[in-house]
Amino acid sequence: MQEVGVIASNARISSTPMLIYKNAEHLVKEESLVIVRDSKFGKVYLGVLRWLSKYDPLLTHTQRAAIIERPELAEESIDLPFEASYIRILGEVVDGKLRPPSYPPTPRSKVYIIESSEDIQLDLGYGLEVCIHKYSGLPIPINPEALRYHIAVVGTTGTGKSRLVKAIIDEVIAKTNWSVIVFDHTGMDYVRYYPSRVVNAEEIAVDIDTVSQSLANSISSIKEHIENYMPITLLYYTMCIDTKREIKACLNQNENSILGILQTPTLNIDKIEELMLSISRKGLWNADVLAQMARLIANALGAREATSEKLSLYIKLYGRTHIDRLNKVTRKVADILDMVYRNRITVIDLSIVETEIRRVIVKGILSKIWEVVVDSREPQNILVVIDEAHNYACDKGCYPSNAMIEKTLREGRKWGIGTLLASQRIIDFSPDIRNNINTVFFSKLQTPYDFQQLQNFIDLAGIGTETLSLLETREFFFAGLGNPLRYPMLVQVKMVGEPN
Ligand SMILES: Nc1ncnc2c1ncn2[C@@H]1O[C@H](COP(=O)(O)OP(=O)(O)O)[C@@H](O)[C@H]1O
Ligand SMILES: [Mg+2]
């Protein structure tokens, strides 16, 4: 630990100016951690350097100086400039712990720079070790309590968000009793690391309305004609196909009316979903049969001959891949949740399915977690990880996942349901979501507007957008509740290598 300067006049409890020794100028950097030893009052302070500046007593840019006529003077007085900085006081070090300071450090107190974590004995509490302070190497653990108060990781593409999230996940598994469900938007960020814990989104059952809408989308050119027929067709298919009767007979089973089946007393949403899953498991989804059924139903409901023919034809032509894929469904949402609790971690590979279905799956799993809470009234201790979260948590266009994510951020803390959201753009989170995030890792941002938004909900303590733009991969500011220093810190995330 090297002595680098002294506290100057006008020291305050939160922030104090310092003068830097000539021979130490090369050691101090913006964001360096320092110790202040106040020998007059026997106190030790921990602080971080901010607003490092170089001054020249003879060269003020608003005053005329001889140098403008005699540039050679610049070289003659090269030793005149000096360096000064502000120290943001993080606390007083008492018995190895950080305490809020009660007095400002006395001017003339010596300042020492922390160059390695061995320079200081500081107990920052038990936590998730994912990063160290960039210059001192001091580990800054994430307080695990912060999980239930939600964490966001923001930065442009390539800043290292997904690797940071991976580091957090591994620490959660190693050091807490929480389980983790990861929604892997790209299918490339987490799937590779946990290959034995991956569920393909295609395997997960979704509700009949979602199936119907996405099927309608896949044959979208005649969407206006099919929108009404599709859900009804699917419903009849679900009710009929497993009965091993002729389709016509099944359709007409009740009072010889096409709508008869809908009066079946046992018809409810759970039953339908059970039947759909059973059809999938038996591999009974068949585009030709569905097309035939759609035609019969459209006819019975009074569609023009051309419409019902077209519907049937388009299902066969454009819906086949989609319908075949329904045969891959094998798991209920409840099964996924069981897996999460059993294995501690489950990764959902969302990359294979359409964006709308991805949102439905996120919503479905979150809803199930809340159902369990309502039934059991017990904390769940589950971390929900959503990468590329702007696709799920935005205000407009993210239905239906956004509403469930909002609820989880608002009410999750009480029931041990935490979220870890990674995104390029914080402004794409709905306000309700933004306002309930209490710990943030942020790096280079896409636009100055993103920076302003960040400022609105987290104390940035003077960090400017220009500082952020200098950050390299793996470097973030760590701010908020989870940071035991309670002050945004420049950290470097530990190495997270490629999967084996
Ligand atoms: N903690 C890390 N350890 C090792 N390499 C990293 C780390 N963070 C980022 N990288 C490198 O940067 C690349 C981009 O990181 P990634 O986490 O995918 O960024 P983002 O999710 O922000 O787009 C990675 O492929 C890797 O090469
Ligand atoms: Mg990423």
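**Reading the pockets and cavities of a three-domain model**

Guide: Let's start at the largest pocket: its lining takes at least three residues from each of domain 2 (144-204 + 333-493) and domain 3 (208-328). Those domain bounds come from an automatic or database domain assignment. One caution: this is a predicted model, where local features need pLDDT of at least 70 and side-chain atom pairs count only at pLDDT 80 or more, while totals for chains, interfaces and linings use all residues. As for bookkeeping, residues are numbered from 1 along each chain as its sequence is written, chains are lettered from A and ligands numbered from 1 in the order in which they are written, and side-chain values use heavy atoms, with hydrogens and water left out.

Visitor: How do I read "pocket" and "cavity", and how much space lies in the largest pocket?

Guide: On a 1 Å grid over the protein atoms alone, a cavity is a set of points where a 1.4 Å probe fits but cannot get out; a pocket is an open set with protein on both sides within 12 Å along at least five of seven lines, and lining residues have an atom within 4 Å of a point. Points are joined across faces, edges and corners, and the volume is the space filled by probe spheres set on them. Here, the largest pocket holds about 830 Å³. It has 27 lining residues, with Val206, Asp207, Glu273, Lys363 and Gly364 closest to its centre.

Visitor: Which element gives the most to that lining?

Guide: Helices (H or I, at least four residues) and strands (E, at least two) are DSSP runs, numbered from the N terminus. H12 gives the most to the largest pocket, with 9 residues.

Visitor: And how does the lining of the largest pocket divide by class?

Guide: Ala, Val, Leu, Ile, Met, Phe, Trp, Tyr, Cys and Pro count as nonpolar, Asp, Glu, Lys and Arg as charged, and the others, Gly among them, as polar. For the largest pocket that gives 10 nonpolar, 6 polar and 11 charged.

Visitor: How many cavities of 30 Å³ or more are there?

Guide: The count is 2. The largest cavity has a volume of about 150 Å³, and among its 13 lining residues Glu202, Arg325, Leu326, Val329 and Ile357 lie nearest its centre. Its lining has 9 nonpolar, 2 polar and 2 charged residues. Domain 2 and domain 3 both give residues to that lining, so the largest cavity lies between them.

Visitor: What about the second largest cavity?

Guide: Its volume is about 80 Å³. Helix H7 (residues 269-281) supplies the largest share of its lining, 4 residues, and by class the lining has 8 nonpolar, 1 polar and 1 charged residues.

Visitor: Is Ile279, also in H7, buried or exposed?

Guide: Buried means under 20% relative accessible area, exposed over 50%, partly exposed in between (1.4 Å probe, protein chains only). Ile279 is buried, at 0%. Beyond its neighbours within four places in sequence, Ile279 is in contact (heavy atoms within 4.5 Å) with residues including Tyr237, Ile241 and Trp285.

Visitor: What joins the side chains of Gln380 and Tyr341?

Guide: A polar contact of 2.7 Å. That term means a pair of N or O atoms within 3.5 Å; within protein, one must be able to donate a hydrogen and the other to accept it, and residues adjacent in sequence count only if both atoms are side-chain atoms. Gln380 sits in the loop between H12 and strand E13 (382-386), and counts as buried at 10% relative accessibility.
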